[in-house]
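Q: I'd like a close look at a single part of this structure, namely its sheets. Could you walk me through how the strands are arranged and paired?

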Amino acid sequence: MAAPAPVPLFVLRGSQYPVTCVRFHCQQETSSLLSGSTAGEVKIWNLKTRRPVANIDSHGGKGILTVLSSKMRGCIMSHGRDGKLNCWTLEEGRHTVTATIPIPCQGFCGCDLLEGGDHQLIGSPGGDNSEVRVYDLSSMRVIKTLVPPRSHQPLGMPMCLKFLSTQLLGVGFEDGSIIIWDLTADRIIAERKFFTDPVMGFDFSMDLMKGVCGSVGDTVVSWTLDDGCSCIDLGVEGKITNPGISDVSVREDGRIIACGGWDSRIRIFGMKKLKPLAVLAYHTQSVQCLQFSGKLADFTDKELLAAGSKDKHISVWSIYNG
């Protein structure tokens, strides 16, 4: 007998607009989920009650590109299409903007946050085509402006970016390339063109020195950085039935990845060989964003997967936990 089809652990249904981004937000032993929408709505969900505990109209009705959770600053952040990164604190049910950083809005590319040691950095798209900026959260100022050399082939707009470490920033571009910037030398140290179309999403495991990316086609591609981080080596390809990948997430243990599809499906692959493991069918429209949590104490150390969709729902899954 065939195994029953996977079903969500639960579904969050309170959003009135398509969901554009999700992020787990854990304080002490309480797990929450942040979500953003096309209408500038940021919600904070209690994952135990499965209800929103805060609704923030954060960017004057402009869509949300990214939501972030800062443990060092004790705040949440939202990057909107109004060109602002807002830092929020929540006290007694009230939300207050404590800082705002003007950040250019280019296409679909949101920000990423790096925290650890003395580092509190924001990576973001820049004002010009292919430009990327790094902000110091302590001073709220740009500390690096990263622009490819004039002799470099045209890359188009940044589509997605991620800090790989305190020294490395990865950026996926409109031309289908991924570039790795060395933040100590402010130079490109590795790059590879994976697709003829834009890189829609990528993620990276520093423990494995391995990444995975997707585009508008029907393949998801793995890749590795060599020991010197000077070369991106092509790994393997995984095929999907219907073309179009919106987002990609690698689980913290590096064993599995999830891809959000334009066809409303979430596909789970083994990280090592991109072997298809499961197709999660709940949503009725495109899955636009997803993220794996780390181990959650209030969910018996399970690693959950949250996925936001154009259908306004957020599905939360427990997949391959033990």
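A: Happy to! Please keep in mind that this is a predicted model. Let's begin with strands 8 and 9. Strand 8 covers residues 84–91 and is joined to strand 9 by eight bridges, the two running antiparallel. For a concrete spot along this pairing, look at asparagine 86, which has threonine 100 of strand 9 opposite.

Stepping back, these strands belong to an open sheet of four strands, with the order 6-7-8-9 and antiparallel pairing. The edges are taken by strand 6 (64–70) and strand 9 (94–102); each has a single partner strand, so one side of each has no neighbour in the sheet. On average, neighbouring strands of this sheet are turned by 25° against each other, direction ignored.

As general background, the strands of a sheet pair through backbone hydrogen bonds, in either a parallel or an antiparallel manner.

Now for strands 14 to 17. Here four strands make up an open sheet in the order 14-15-16-17, and the pairing is antiparallel. Strand 14 (158–163) and strand 17 (187–193) lie at its edges, and because each has a single partner strand, one side of each is left without a neighbour in the sheet. From one strand to the next, the twist averages 20°.

Within this sheet, strand 15 (residues 168–173) pairs with strand 16 (residues 177–182) over five bridges, in the antiparallel sense. A good place to see this pairing is valine 171, whose bridge partner in strand 16 is isoleucine 179.

Key
Residues numbered from 1 in each chain as written. Predicted model: local features only at pLDDT ≥ 70, side-chain atom pairs only at ≥ 80, totals over all residues. Heavy atoms only, no water. Pairing = 2+ DSSP bridges. Axes fitted to C-alpha atoms, helices over the stretch in contact; angles between N-to-C directions.
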